[in-house]
Amino acid sequence: MKTQLIGIFLSFTFLTANGQQILDSLWELNDQNFRLRLEMDEKGFPLNTRLILEREQFTIINDSIFTTRLHIERLDMNSDGYKDLLVYHGSGARANVLYFLYLFDKKSLTYKKVDGFEEWPNLNKTKKEGV
């Protein structure tokens, strides 16, 4: 009998005593443990958010991004069989949603930010070819 490990994704959002919002997410990929932490300080605007991505407790990305709320999605955006990270950036006119995209690189077991992705609204993966 063949057993299959089902990946677990956990995500928690909480508010600290000093008014800071934190999103903490954990998952396993290719036998590696990943943790994404978003820290947003609501004392001023724009809402500068610290993004920290760790693999096996070592920081692989430490970025500063602008976001209006803490939300992430994990979708395979480049059809390589691995879930990539979409970090909410904001929305424009008519609820056009914008995300930062971090693609998973299976060779280096890390994520790489796609520069400028957050400038294009409503980009979604489709199964239709040529679109």
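Tutor: A residue counts as buried if its relative accessible area is under 20%, as exposed if it is over 50%, and as partly exposed in between. Please keep in mind, as we apply this, that the model in front of you is predicted.

Student: How do I read that for Glu39 and Arg37: are they buried or exposed?

Tutor: Glu39 is buried, and Arg37 is buried as well. For Glu39 the relative accessibility is 14%, so this residue falls under the 20% limit.

Student: What joins the side chains of Glu39 and Arg37?

Tutor: The side chains of Glu39 and Arg37 meet in a salt bridge, with 2.7 Å from N to O, and the structure holds 6 salt bridges. Arg37 also forms a salt bridge with Asp24, where the closest N and O atoms are 3.2 Å apart. That pair links distant parts of the chain, since Asp24 belongs to strand S2 (residues 20-29) and Arg37 to strand S3 (residues 32-41), 13 residues apart. Both Asp24 and Arg37 are buried.

Student: Which residue in strand S4 is linked with Glu39?

Tutor: The residue is Arg50, in strand S4 (residues 48-55), whereas Glu39 lies in strand S3, 11 residues apart, and the pair links distant parts of the chain. Arg50 forms a salt bridge with Glu39, and the closest N and O atoms are 3.8 Å apart. Arg50 has a relative accessible area of 40%, so it is partly exposed.

Student: Which residues are linked in a network of salt bridges?

Tutor: The network of salt bridges links Asp24, Arg35, Arg37, Glu39 and Arg50.

Student: Now to the rings: how many aromatic pairs are there?

Tutor: The count comes to 7 aromatic pairs. As a worked case, take Tyr82 and Phe104, whose ring centres are 5.1 Å apart and whose planes meet at 40 degrees, so the pair is tilted. This pair, too, links distant parts of the chain: Tyr82 is in the loop between strand S6 (72-75) and strand S7 (84-91), while Phe104 is in strand S8 (residues 97-105), 22 residues apart. Tyr82 and Phe104 are both buried, and they belong to one aromatic cluster with Trp27, Phe34 and Tyr111.

Student: What lies over the face of Tyr88?

Tutor: Over the face of Tyr88 lies Arg69, at 4.3 Å from the ring centre.

Student: In what sense do S8 and strand S9 pair?

Tutor: S8 and strand S9 (residues 110-113) pair in the antiparallel sense, over 4 bridges. Within the pairing, Asp105 stands opposite Thr110 in S9. The hairpin of S8 and S9 has 4 residues between the strands, and here Leu109 takes a positive phi near 50 degrees.

Student: Let us step back to the chain: how many helices and strands does it have?

Tutor: The chain has 0 helices and 9 strands, and along the sequence this reads as the pattern β-β-β-β-β-β-β-β-β.

Student: What share of the residues of the chain count as buried?

Tutor: Of the 131 residues of the chain, 36% count as buried. The area exposed by the chain is about 8800 Å², and carbon and sulfur atoms supply 51% of it. As for contacts along the chain, among those with a separation of 6 or more, 28% come from residues 24 or more positions apart.

How values were computed: Residues numbered from 1 in each chain as written. Predicted model: local features only at pLDDT ≥ 70, side-chain atom pairs only at ≥ 80, totals over all residues. Heavy atoms only, no water. Helix = DSSP H or I, 4+ residues; strand = E, 2+ residues; numbered from the N terminus. Buried < 20%, exposed > 50% of the residue type's maximum accessible area, 1.4 Å probe, protein only. Contact = heavy atoms within 4.5 Å. Areas by Shrake-Rupley, 256 points an atom, 1.4 Å probe, with all protein chains shown as cover. Phe/Tyr/Trp six-rings, centres within 6.5 Å; stacked < 30°, edge-to-face > 60°. Lys NZ or Arg CZ within 6 Å of the ring centre and 35° of its normal. Pairing = 2+ DSSP bridges. Salt bridge = Lys/Arg side-chain N within 4 Å of Asp/Glu carboxyl O.
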